[in-house]
Amino acid sequence: MGKTELYSLYKAFLDCICICLPRGSDEAAGNNERDTESGHLIYRSGDVLENRYEIMDTLGEGTFGKVVQCLDHGRGGSQVALKIIKNLEKYREAAKLEINVLEKIIKEDVNNKYHCVQMLDWFNYYGHVCISFELLSLSTFDFQKANNFLPYPIHQIRHMAHQICHAVCFLHDNKLTHTDLKPENILFVNSDFTLVYNPEKKCNERRVNDTTVRLVDFGSATFDHEHHSTVISTRHYRAPEVILELGWSHPCDVWSIGCILFEYYEGFTLFQTHDNKEHLAMMESILGPIPQRMIQKSRKQKYFHRGRLDWNECSKAGRYVKAKCKPLRKYLLSHGTEHHHFFNLLEKMLEFEPSKRITLASALIHPFFTYQPRTQVWRNSYEMSR
């Protein structure tokens, strides 16, 4: 894998900083010769941190610091991704909640069977928090982008979807909501691929050899008892209850997964917009009217008039939505049984009412996962995976 691919892969990690150190425990950024003025650690290839982590290359850089590829001599020279956080206290203070999440994952998933990336180690290096993770591969978004946004095959979607649902169900069982699920935060363990000729597109396409994935970036993960921010999730994967400020919980993750799976299936984003009202209009075009109960209880009455979305279909934005969106079932690429099962699952995940939205425990026993078309045998794949 090239350096450019690895750079995009680990950018998602940079927003999940994971520790809080005591005040006054380290030197101020820029006041010592180890740091740049912006607080980054100065290092070179071949440097060894803590007599253990040998820096090989820089994988990425972000707001909170840098990610480097290292040889971990404490683990027999295995390759790891090491996040080196800026020597700035505001980032350490902001990291307290995430370290709790990562430690909770380690505690509750000792055998690493729930598909969440696990923190291997952390330490303080002259005021820089350093966190090591297993070295993963491309995100599901970056792979699809490199593949000209061609859809994933339905059988690969099934495997990836099962792992994603399993991982997020595990979080929900532990009273956590991820709040930022998107294709960029789902990484392949190995993104090696085979070129396969696509007769419909009349071109070669990349077919990933192994669809094993890991869920990453717990920087926004929130425990049930913690303060819930008003705005969460990346725009395209944001649930209607968040836009309408009705409060949110675990079901908002389920909505995001529905959007992600649609994107895997079609190769494009379901809700391609950056405006709240337009977003709601798209939802209505694809999924039907927003329930009256949600409209009546919403704090965003400015989006509505007389109990209906205040939307002009003849406006430029209205014409855009009309051209861009159609009822969900119109997006079917095949009328095979597994495709219909898939869209039935999407409909349940993209239910407007959070209380009526399918839970992930129920999703894992949905026919999309349990029905095997070749043998016509039904099985409980969720139980098999536990």
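Start by selecting D72, which is buried at 0% relative accessibility. Keep in mind as you go that this is a predicted model.

Now add R75 to the selection. R75 and D72 form a salt bridge, with their closest N and O atoms 3.4 Å apart. Unlike the buried D72, R75 is partly exposed, its relative accessible area being 39%. Extend the selection to R52 and D121 as well: salt bridges with shared partners link R52, D72, R75 and D121 into one network.

Next, go to R207 and E205. Here, too, you will find a salt bridge, and the closest N and O atoms are 3.4 Å apart. E205 is buried at 6% relative accessible area, while R207 is partly exposed at 24%.

For the next stop, pick R293 and E353, a salt bridge whose closest N and O atoms lie 3.0 Å apart. Try colouring helix 9 (residues 292-297), where R293 sits, and the loop between helix 11 (337-349) and helix 12 (360-363), which holds E353; the pair therefore ties together parts 60 residues apart in sequence. R293 is partly exposed, with 37% relative accessible area, and E353 is buried at 7%. If you would like to keep exploring pairs of this kind, the structure holds 14 salt bridges.

Finally, colour by pLDDT. The protein has a mean of 88, and 88% of its residues reach 70 or more. Select residues 12-28, where pLDDT stays under 50 and the model has 61 contacts beyond four places in sequence. Then select residues 375-386: pLDDT is below 50 there as well, and this stretch has 28 contacts beyond near neighbours in sequence.

Technical notes. Residues are numbered from 1 along each chain as its sequence is written. This is a predicted model: local features need pLDDT of at least 70, side-chain atom pairs count only at pLDDT 80 or more; totals for chains, interfaces and linings use all residues. Side-chain values use heavy atoms; hydrogens and water are left out. pLDDT is the predictor's confidence in each residue, from 0 to 100. Contact means heavy atoms within 4.5 Å. A salt bridge is a side-chain nitrogen of Lys or Arg within 4 Å of a carboxyl oxygen of Asp or Glu. Buried means under 20% relative accessible area, exposed over 50%, partly exposed in between (1.4 Å probe, protein chains only). Helices (H or I, at least four residues) and strands (E, at least two) are DSSP runs, numbered from the N terminus.
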